[in-house]
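Me: I would like to go through this model with you and ask, for each label, what justifies it.

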Amino acid sequence: MTINIGVIGTGAIGREHIRRCSTVLQNARVVALNDINRDNCQQIVDELTPEARIYDNAIDLINDPQVNAVLVTSWGPTHEAFVLACIEAGKAVFCEKPLAVTAQGCMNIVEAEINAGRQLVQVGFMRPYDSGYRALKAVIDSGEIGEPLMLHCAHRNPEVGDSYTTDMAITDTLIHELDVLRWLLNDDYASVQVIFPRKTRKASSHLRDPQIVLLETTKGARIDVEIFVNCEYGYDIQCEVVGESGIARLPEPVSVQLRSAAKLSTTILTDWKKRFIDAYDVELQAFINNVISGEMTGPSAWDGYAAAVAADACVAAQTSGGIVPVTMPARPAFYR
Ligand code: NAP
């Protein structure tokens, strides 16, 4: 069975996902494209998907009976309306993060999905599909290190553009940790705090960089995440879990160990796209498989909501400097 996919938003990640569907993944073909900039779509038709039809209106793409499933890879503020339209049309939808730009927007999607009576939404959080995080979770779940007590994490980028703002360290960067750490620990957040160390001279004048986010989970585990987006040296993701009887650490990406010029070295990646490239493949293949099987697995609309609630608390904590509670309703039985 081949799933006919429509893609809304043919910018950087949309184009990557279209390439994946066309050249790497199985049982999927891109048949419909929409972007606010029609030239983007035309370029993709010319280079990757000659048979795809270009739509001037995203809602028409969603409602085309030929389209079985939709990828929403447009600008974040457009996601909520497109995902709601997919649910209304009864179509499976893979939505890049954020599911919506506000927690209330995510809740609107949760409620629409529950009212529709079946899960249709997968959120594009790819880290649970990364082989390193999966291996780390397997160790935690095996009980080999006992109950997790503390996590030390870091999310470092070599540099960011001038348009990157202090709150984006939460909403664009930390958001991946906020999702994957809940999944890793099978836990939710109870409170957050953000503290600002001495600022790097490499950051633009309006950006506070680095930041340290302190999270407490409902089971009492403590997590510190360093976000440092002008670290210069590379794109570096770290996660160390301290348990009652041992420590488990996220594996480093595979890199040849080099002995040369009186040095022993391995390469550190600088491009975020390369760090999780395999995880993106696995994530999107999982979505296609879910559409075929009719059963959604992976990051759900509820997970998108939970990440948004925690992100809102972190942004509030950036301003207040205090400990901010993370308050969420109980997880609906629909998502258990
Ligand atoms: P991008 O390069 O700016 O692409 C977004 C595309 O959507 C652009 O072509 C944009 O057109 C188009 N667009 C904007 N409004 C639209 C509308 N109303 N209808 C249809 N198309 C519209 O951004 P990106 O880097 O691909 O990011 C897209 C989304 O993916 C963001 O939400 C981002 O957070 C997420 N993302 C996730 C990951 C991940 O690791 N999971 C990585 C990267 C991005 P214009 O350029 O003309 O505005």
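Me: Which helices each supply at least two residues of the shell around the ligand?

Reply: In this predicted model, the helices α1 (12-23) and α4 (79-88) each supply at least two residues of that shell. The shell holds 25 residues, and the closest to the ligand are I13, D35, E96, K97 and Y280. By class, the residues of the shell divide into 10 nonpolar, 12 polar and 3 charged.

Me: What makes the pair formed by E96 and the ligand a polar contact?

Reply: A polar side-chain atom of E96 lies 2.9 Å from a nitrogen atom of the ligand, and a pair of N or O atoms counts as a polar contact within 3.5 Å, so the pair qualifies. The same cut-off of 3.5 Å admits N40, because a polar side-chain atom of N40 lies 3.0 Å from an oxygen atom of the ligand. For G124 the contact comes from the backbone, where an N or O atom lies 3.3 Å from a nitrogen atom of the ligand, so this pair is also within 3.5 Å. Taken alone, the ligand exposes 900 Å², and the protein buries 73% of that.

Me: How do you know that the ligand sits in the largest pocket?

Reply: A molecule sits in a pocket if more than half of its atoms lie within 2 Å of the grid points of that pocket, and the ligand is assigned to the largest pocket by this rule.

Me: Why is the pair of W302 and Y335 called stacked?

Reply: Rings pair if their centres lie within 6.5 Å, and planes under 30 degrees apart count as stacked. The count of aromatic pairs by this rule comes to 4. For W302 and Y335 the centres are 6.2 Å apart and the planes stand at 25°, so the pair is stacked. Because W302 lies in helix α10 (residues 301-320) and Y335 in the segment after β15 (324-325), the pair ties together parts that are 33 residues apart in sequence.

Me: What makes the backbone at P98, P210 and N186 worth a remark?

Reply: Most residues other than glycine have a negative phi, and most peptide bonds are trans. The bond that joins K97 and P98 is cis, with omega about -5°, and P98 is found in the loop between β5 (92-96) and α5 (103-116). The peptide bond from D209 to P210 is cis as well, with omega near 5°, and P210 lies in the loop between β8 (189-195) and β9 (211-217). N186 is not a glycine, yet has a positive phi of about 50°, and N186 lies in the loop between α7 (168-185) and β8.

Terms used:
Residues numbered from 1 in each chain as written. Predicted model: local features only at pLDDT ≥ 70, side-chain atom pairs only at ≥ 80, totals over all residues. Heavy atoms only, no water. Near = heavy atom within 4 Å. Polar contact = N/O pair within 3.5 Å; in protein donor to acceptor, adjacent residues only side chain to side chain. Areas by Shrake-Rupley, 256 points an atom, 1.4 Å probe, with all protein chains shown as cover. 1 Å grid on protein atoms, 1.4 Å probe; cavity = no way out; pocket = protein on both sides within 12 Å on 5 of 7 lines; lining within 4 Å. Helix = DSSP H or I, 4+ residues; strand = E, 2+ residues; numbered from the N terminus. Nonpolar A, V, L, I, M, F, W, Y, C, P; charged D, E, K, R; others polar. Phe/Tyr/Trp six-rings, centres within 6.5 Å; stacked < 30°, edge-to-face > 60°.
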